[in-house]
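User: I'm new to this one and would like a close look at a single part of it. Could you pick one strand and walk me through what lies around it?

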Amino acid sequence: MNVYQTLERTSSGPAFVGGQPVLAQRLLPAARRYTVPAGKRALLVRDDRAVVLLDAGTHRVRTVWQSVPELYQYRVDAHWLPLWLTHLATADVKPGNLGGLVRVQVADASRVWASWLCHLEGEWLPLPAEQLSARLADPAQDLVQRYVLSDLRADGGVRSALAAELHLLLHRLLSDYGLELAASPDPQQLRFMTEADVVAGRRA
């Protein structure tokens, strides 16, 4: 199973950019006023400095003498963040990959911009899914190696314990990017797959 296949699409823009789910849209408003759509917020950045966070509604974004700002517009509600952790090994020495989906939301727009968005190019800007997956891989290996493959797949208690541990790890990692969990990781969204499972999924 490809965890990306279950992500919802958006009617106001692409769901993915560069293979990653979209987090924000970078805008360069030509007019002095800009209307942030309902259900969204926009961080106003001028001269490489985050200035103010705009709620939904119409705002003056520059005076006649000011330079054109950048607006980083994002949904207020939660985003699906896909995780894909590779080269893990279980207690019974079965190699595999852990895939899953978690709900995240923007907690600190200025930090999101300073730690992530300002380093990207283009209009549509992705979530740091690959970066978070890479940083989570080593601590996740420490968790996975406690259990055998059959328990990771079928034992509800084991899966709930793993989800709870991932919650703690993700809380710290997400805060570095100005993000936070919108809900605890759902054990049902975790998939532990061997290489044979991945190959079979590609053939299906």
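Analyst:
**A strand and its neighbours**

Let's start with strand β9, residues 95-106, which is mostly covered: nine of its 12 residues are buried. Keep in mind that this is a predicted model. The mean pLDDT of the protein is 91, with 94% of residues at 70 or more. The stretch to be wary of is residues 1-11, where pLDDT stays under 50.

Now for the company β9 keeps. With β8 it pairs in the antiparallel sense, over nine bridges. The two strands make a hairpin that leaves five residues between them, and in that turn valine 93 has a positive phi of about 60°. If you want a spot to find by eye, look for proline 82, which stands opposite leucine 101 of β9.

β9 has other partners too. Three bridges join it to β12 (residues 191-193), again running antiparallel; here asparagine 97 has methionine 193 as its bridge partner. Another three bridges tie β9 to β11, also antiparallel, and there valine 104 is matched with leucine 181.

Side chains are worth a look as well. The charged end of arginine 103 sits over the ring of tryptophan 80, 4.7 Å from the ring's centre.

Back on the hairpin partner, try histidine 87, which is found in strand β8 (residues 79-89). Is histidine 87 buried or exposed? Its relative accessible area is 75%, and the cut-off for exposed is over 50%, so histidine 87 counts as exposed. Leaving aside residues up to four places away in sequence, histidine 87 touches Gly96, Asn97 and Gln141. Its side chain also makes a polar contact with the side chain of threonine 86, at 3.1 Å.

One last thing, from a search of the whole structure: it turns up one aromatic pair. The ring centres of tryptophan 116 and tyrosine 177 are 6.1 Å apart with their planes at 85°, so this pair is edge-to-face. The pair links distant parts of the chain, 61 residues apart: tryptophan 116 is in the loop between α1 (109-115) and β10 (124-126), while tyrosine 177 is in the loop between α4 (156-175) and β11 (179-181). So the second of those loops leads to β11, a strand that pairs with β9. Both rings belong to buried residues: tryptophan 116 has 11% relative accessibility, and tyrosine 177 has a relative accessible area of 10%.

How values were computed: Residues numbered from 1 in each chain as written. Predicted model: local features only at pLDDT ≥ 70, side-chain atom pairs only at ≥ 80, totals over all residues. Heavy atoms only, no water. Phe/Tyr/Trp six-rings, centres within 6.5 Å; stacked < 30°, edge-to-face > 60°. Helix = DSSP H or I, 4+ residues; strand = E, 2+ residues; numbered from the N terminus. Buried < 20%, exposed > 50% of the residue type's maximum accessible area, 1.4 Å probe, protein only. Lys NZ or Arg CZ within 6 Å of the ring centre and 35° of its normal. pLDDT = per-residue confidence, 0-100. Contact = heavy atoms within 4.5 Å. Polar contact = N/O pair within 3.5 Å; in protein donor to acceptor, adjacent residues only side chain to side chain. Pairing = 2+ DSSP bridges.
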